[in-house]
Amino acid sequence: MDFSGDYPAERARIERGGAEKYHQAAAAAGKYHARERIRRLCDPDSFREDALWANPDPSLPADGVVVGSATVQGRPVRIVANDSTVKAGSWGARTVEKIIRTIEAAQLEQHPIVYLVDSAGARITDQVQLFPGRRGAGRIFHEQVRASGKIPQACALFGPSAAGGAYIPAFCDIVAMVDGNASMYLGSPRMVEMVTGEKTTLEDMGGARVHTERSGVGHFLCRNEDEAIADVRRWLSYLPSNWTQPAPVRAARPPLPVDLAAAIPPSESAPFDMHAFLDGLVDRDSALEVQARWAGELMTVFARLDGRPVGIVANNSAVRGGVLFSDSADKAARFVSTCDAFNVPLLFLADVPGFMVGSAVEHAGIIRHGAKMIAAVAEATVPKICVVVRKAYGAGLYAMAGPAFGSDAVLALPTARIAVMGAEAAVNAVYANKIAAIDDPAQREQFVADRRAEYEADVDLRRLAGELVVDDVLAPEELRDDLIARYRRLTHKDRRFADRRHPITPV
């Protein structure tokens with residue numbers, strides 16, 4: 001076309017997207033248009049669009065995807081946003097090429113990329129042009145994998161992410177999902193029924209609650225699109241723009257006035273919520289919990305200490321006693337790997353009785369999943385500190401960055417216990433037959449009490465400190481200042497680990 005006369009009107013038409021009825025339907029569902037999502041994500045007037053004119057077909061403005069560059073909180077980012085008013089945000093050949101070019105540009109520039117996803121998947125009518133070739137849809141995922149660990153990749157999921165397109169969120173570092181609208185699935189309910197006979201719904205099979213509470217693919221369950229965008233913005237604030245940069249520092253804030261000593265119950269078996277302890281340790285209002293609704297026995301949290309980002313892995317005995325399961329091991333491994341990739345120091349708050357036992361978890365591969373977590377902790381070369389808050393038993397000590405795992409410090413509170421297992425379990429394991437042979441209840445009780453006292457003396461905290469198992473024993477009120485000082489000293493830590501191509505991760 002000749003741009004001399006029609007350019008302004010044509011540009012406005014393309015920027016408008018699809019037909020008015022599709023805008024109205026989206027608004028009725030509480031959904032913004034793709035360009036409005038970009039506006040709310042980015043700094044004012046910072047977005048510069050690429051490939052607006054892709055696809056001259058009037059029914060496919062911009063080929064259903066908006067791409068370009070902008071700044072978020074003053075830092076450059078690349079953006080991919082599906083336009084659900086254009087063929088339900090489905091992919092054509094130019095859609096795919098635009099996405100690939102944007103990921104490639106993000107890698108060349110070493111800037112984060114944000115995917116604002118709302119797409120019905122590939123247009124079957126265009127499959128030869130978009131699916132099988134060297135620059136086909138598969139190249140999107142190839143480039144995402146190449147970018148992984150080099151630049152942060154975030155996804156806000158506002159609608160469907162269907163079929164192969166579901167892997168865009170899966171390859172991102174975090175996924176924020178809007179409750180009631182967002183979904184991820186490889187096959188539609190109709191396809192599932194045709195192939196397997198199962199009758200299901202989109203929400204039950206791949207809705208936001210499924211993926212943030214059961215599958216673990218989603219990280220944040222959001223009430224609306226504004227909350228999803230806010231979560232992405234906040235998550236980005238803890239990370240550098242790329243793997244070569246330090247994590248960004250902000251103004252320090254004092255923690256909430258929490259009595260840390262009082263927050264810890266005297267009995268190691270009494271559950272307590274680690275969130276309260278964390279509130280009194282980190283900078284006020286700085287904690288962002290990732291995957292809070294999944295595998296709650298383990299907390300993964302971005303926060304700040306004296307303004308400096310830190311990734312926190314903490315056992316939460318208020319949920320299933322803080323015992324580690326397969327899901328919590330996977331959750332920790334992913335979080336530790338993310339922090340290590342982007343230079344965020346790690347803090348482990350241990351209150352763990354160990355990994356779950358029993359035939360059900362063994363059949364589900366808990367040893368393999370636990371090995372995955374332990375491997376991630378071992379491979380992490382960022383500054384890492386382990387604090388034993390109450391107990392660290394068995395392989396739980398290993399998974400929580402105990403002394404053997406290259407931790408820069410292992411600290412203990414006076415309430416700490418470190419052993420293969422707790423005293424009660426140990427006495428029962430070693431003396432079960434002798435205990436059963438004592439008929440007199442009083443004698444039996446005294447025998448058990450004596451054996452427990454012997455066991456506890458063997459793993460006494462003062463002895464462990466004397467044997468250099470722990471580097472220091474601190475009162476809870478001393479912990480924050482001690483951690484701040486230690487992380488400052490570790491700013492220029494030598495991060496070499498091993499010469500090799502890559503590990504064989506026990507996935």
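Start at Leu-41. Setting aside neighbours within four places in sequence, Leu-41 is in contact (heavy atoms within 4.5 Å) with Val-72, Ile-79, Val-114, Leu-116, Ile-229, Val-232 and Arg-233. This is a predicted model, in which local features need pLDDT of at least 70, side-chain atom pairs count only at pLDDT 80 or more, and totals for chains, interfaces and linings use all residues. Residues are numbered from 1 along each chain as its sequence is written, and side-chain values use heavy atoms, with hydrogens and water left out.

Now widen the selection to the core. The largest nonpolar core holds 72 residues, and Leu-41, Leu-116, Val-232 and Phe-302 touch the most other members. Such a core is a set of buried Ala, Val, Leu, Ile, Met, Phe, Trp, Tyr and Cys residues joined through side-chain atoms within 4.5 Å. Buried means under 20% relative accessible area, exposed over 50%, and partly exposed in between (1.4 Å probe, protein chains only). In soluble globular proteins, nonpolar side chains tend to be buried together. Helix 14, residues 326-341, gives the most to this core, with six residues. Helices (H or I, at least four residues) and strands (E, at least two) are DSSP runs, numbered from the N terminus.

Next, select helix 11. Its twelve residues should span 16 Å at 1.5 Å a residue, and the end C-alpha atoms are 17 Å apart, which agrees. The expected span is 1.5 Å times one less than the number of residues. Buried here are Glu-225, Glu-227, Ala-228, Ile-229, Asp-231, Val-232, Trp-235 and Leu-236. At the helix start, look for a polar contact: a side-chain oxygen of Asn-224 comes within 3.2 Å of the backbone nitrogen of Asp-226. A polar contact is a pair of N or O atoms within 3.5 Å; within protein, one must be able to donate a hydrogen and the other to accept it, and residues adjacent in sequence count only if both atoms are side-chain atoms.

Step off into the loop between helix 11 (225-236) and helix 12 (260-263), and pick Leu-239. Leu-239 counts as buried, at 0% relative accessibility. Not counting residues up to four places away in sequence, Leu-239 touches Arg-75, Pro-152, Pro-248, Phe-302, Phe-342 and Val-344. For a long view, add Lys-434: Leu-239 and Lys-434 are 56 Å apart, C-alpha to C-alpha, and 195 residues apart in sequence.

Go to Thr-95 in helix 4, residues 93-109. Thr-95 is buried, at 0% relative accessibility. Its side chain reaches the backbone nitrogen of Gly-92 at 2.9 Å. Beyond four places in sequence, Thr-95 is in contact with Asp-63, Val-65, Ser-90 and Arg-123.

Two positive phi values come next. Asp-285 has phi near 60° and sits in the loop between helix 13 (274-279) and strand 9 (288-290). Asp-285 is exposed, with a relative accessible area of 58%. Asn-343 has phi near 65° and lies in the loop between helix 14 and strand 12 (346-352). Asn-343 is buried, at 18%.

Colour the cysteines. How many disulfides does the structure hold? Zero, where a disulfide is a pair of cysteine sulfur atoms within 2.5 Å. The closest cysteine sulfur to that of Cys-42 is in Cys-155, 15 Å away, too far for a bond. Cys-339 is in no disulfide either; its nearest cysteine sulfur, in Cys-386, is 16 Å away. Cys-42 is buried at 7% relative accessibility, and Cys-339 is buried at 0%.

Finish with residues 257-500, which an unreviewed UniProt entry annotates as "domain: CoA carboxyltransferase C-terminal". UniProt positions are given in the numbering used here, feature names are shortened, and annotations may be inferred rather than shown by experiment. Over residues 257-500 the chain is 42% helix and 18% strand, with the end C-alpha atoms 47 Å apart.
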